Amino acid sequence: MLRHIATVGGYTMLSRLAGFARDILVAAYLGAGPVADAFFVAFKFPNFFRRLSGEGAFSVAFIPMFSGTLATQGRQEALEFANRTLAVMAAIMLGFLLVMELIMPWAMHVIAPGFADDPAQFALAVELTRITFPYLPLISFVALMGGMLNAMDRFAAMAAAPIMLNLCLILALFAGVPYAETPGHALAWGVVVAGIVQFAWLLIACHQAGMSLRPVRPRLTPDIRKLFRLILPAAVGAGVMQINLMVDVLLASLLPTGAISYLYYADRVNQLPLGVVGIAIGTALLPLLSRQVKTGDAAGASDSQNRGLEVALLLTLPATAGLVVLAVPIIEVLFQRGAFTPQDARATGLALAAYAIGLPAYVLVKVLAPGFYAREDTATPVKVAVGAMLVNLVIGVTLMQVIAHVGLALATAVASWVNAGLLGLILHRRGMFTTDQRLRRRSWRILAASLVMAAALLPGLWLYDATLGQPPALRAAGLAVLVLLGALVYGLACQLTGAARLGELKRMLKRRK
């Protein structure tokens with residue numbers, strides 16, 4: 001499992017780094033003004049459905065069923081199940097695309113009601129969202145093919161696909177801006193091109209794995225009905241974080257111009273550890289848990305989740321400490337150039353610190369939720385998700401009156417902790433999961449090592465402050481020194497407290513013959 005986590009996490013790291021390069025360029029071209037807000041809504045709307053179908057509802061329903069069919073009935077029957085799923089998915093997604101293109105002006109009143117006060121910005125957001133929305137069916141097909149490969153323990157192709165999105169958007173800025181009406185238009189068309197490229201990439205990977213898909217007539221067979229019965233409730237349960245972020249966009253549109261952009265840039269930085277750790281663990285854990293549950297290996301399933309939680313805490317607690325302490329310097333180095341002002345950097349940094357408080361919870365949800373999905377229980381996470389959404393909405397509406405967009409980010413963090421806590425509690429009460437002695441012993445040691453690292457970084461901020469007003473390269477070097485210092489202090493603290501041992505990690509990563 002740890003090797004698979006490393007594979008997915010490694011490619012996700014490359015994707016996030018390419019995404020940072022993309023966002024640096026987007027910030028320079030668009031800043032945090034009305035065009036930026038319109039594009040981010042246009043990008044987030046189909047992306048919201050993508051995350052529900054690609055990283056959430058579809059994957060958690062499809063992978064356990066595909067894995068079970070593969071293990072009990074063989075490759076050919078599993079491939080036929082995938083073909084039937086693709087046919088029905090294509091019919092639904094293309095119909096949904098047509099409807100959304102027609103009703104987009106009305107949909108915009110729901111996802112960004114604050115734009116209605118500015119007719120020009122409202123029209124631009126509608127136009128850009130209509131351009132980007134075909135990305136949804138394309139990336140949904142990618143999710144199906146990626147689920148097939150993941151179920152066969154082939155994680156690299158799907159993990160590398162997001163890199164292509166970032167490269168296409170970077171190319172769109174360089175090649176498309178001179179010919180587009182606005183930079184937002186160039187980026188919107190880049191999103192569509194990226195969907196086509198990712199679709200072709202996964203199609204080739206499936207062919208190389210001996211799983212070539214073919215078109216068949218859409219039919220609601222019993223297994224397809226079962227799949228969609230699992231998908232419908234999971235759309236809320238698995239996507240609680242994305243739903244919370246959409247609530248942030250809705251509420252942020254009611255705040256002064258720039259709030260949506262501040263939250264977007266902050267979330268992009270927060271997504272680095274979430275993607276590298278959370279999505280990687282969830283992606284690697286679900287097929288493994290599904291096989292263990294199918295074979296009745298309850299002890300193995302519990303051990304897998306304990307080790308998943310251990311890895312999650314080992315990597316996210318120091319990330320939280322580092323992002324809270326270094327939030328503003330990170331945003332300044334990454335984005336403060338061109339149209340992105342020092343005031344924008346400070347506002348975004350405060351949002352990042354608030355998001356980071358919930359980072360461990362975001363990842364814990366990715367580790368705990370597969371405990372339900374592997375048992376084909378998608379209803380329970382729905383109830384938890386609804387409760388977390390209500391918490392997010394109530395706290396967000398309250399705090400935005402006092403601390404504006406920072407309150408929305410903080411509300412999302414609190415809601416994620418509520419979500420993770422309830423999932424763990426329910427699993428424990430049902431006898432599906434119990435923390436073992438090793439996890440309990442190491443958790444407080446990981447926390448102690450993270451706090452030591454944070455304490456070591458605080459004096460280092462004075463060194464970074466000395467670079468203010470200096471060339472960007474010098475400021476970046478100052479931040480790099482702080483990051484390296486934090487990593488060294490955390491690694492040493494882990495060794496001294498016994499939170500983790502370097503030799504132990506090497507043995508876990510070593511491939512068995």
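The lining of the largest pocket in this predicted model is made up, by class, of 29 nonpolar, 4 polar and 1 charged residues. That pocket has a volume of about 1000 Å³, and 34 residues line it, with Met-13, Leu-272, Pro-273, Ala-319 and Val-483 lying nearest its centre. The helices that each supply at least two residues of this lining are spread along the sequence as α1 (2-30), α11 (259-294), α12 (298-335), α17 (437-465), α18 (472-497) and α19 (502-509). Of the lining, the largest share, 11 residues, comes from α12.

Helix α12 also holds Asn-306, a residue that can be followed from the pocket-lining helix to another part of the chain. With a relative accessibility of 1%, Asn-306 counts as buried, because buried means under 20% relative accessible area. Once residues up to four places away in sequence are set aside, Asn-306 touches Phe-433, Thr-434, Thr-435, Asp-436 and Leu-439.

Seen as a whole, the protein has 19 helices and 0 strands. Its radius of gyration is 22 Å, close to the 24 Å that the globule rule gives for 513 residues, and the protein is therefore as compact as a globular protein of that length. Taken along the principal axes, the box that the C-alpha atoms fill is roughly 65 × 60 × 40 Å. Buried residues make up 59% of the 513 in the protein, while the area that the protein exposes is about 20700 Å², with 69% of it supplied by carbon and sulfur atoms. Contacts reach far along the chain: among those between residues at least 6 apart in sequence, 85% join residues at least 24 apart.

Two residues deserve a look for their backbone angles. Most residues other than glycine have a negative phi. Glu-376, however, has a phi near 60°, a positive value in a residue other than glycine, and Glu-376 lies in the loop between α15 (370-373) and α16 (380-429). Ala-404 likewise is not a glycine and has a positive phi, of about 55°, but the place of Ala-404 is in helix α16. As for exposure, Glu-376 counts as partly exposed at 25% relative accessibility, and Ala-404, with a relative accessible area of 28%, is partly exposed as well. Both residues fall in that class because partly exposed covers what lies between the buried limit of under 20% and the exposed limit of over 50%.

Note on methods:
Residues numbered from 1 in each chain as written. Predicted model: local features only at pLDDT ≥ 70, side-chain atom pairs only at ≥ 80, totals over all residues. Heavy atoms only, no water. 1 Å grid on protein atoms, 1.4 Å probe; cavity = no way out; pocket = protein on both sides within 12 Å on 5 of 7 lines; lining within 4 Å. Points joined across faces, edges and corners; volume = space filled by probe spheres on them. Helix = DSSP H or I, 4+ residues; strand = E, 2+ residues; numbered from the N terminus. Nonpolar A, V, L, I, M, F, W, Y, C, P; charged D, E, K, R; others polar. Rg over C-alpha atoms; globule rule 2.2 N^0.38 Å. Buried < 20%, exposed > 50% of the residue type's maximum accessible area, 1.4 Å probe, protein only. Contact = heavy atoms within 4.5 Å. Areas by Shrake-Rupley, 256 points an atom, 1.4 Å probe, with all protein chains shown as cover.
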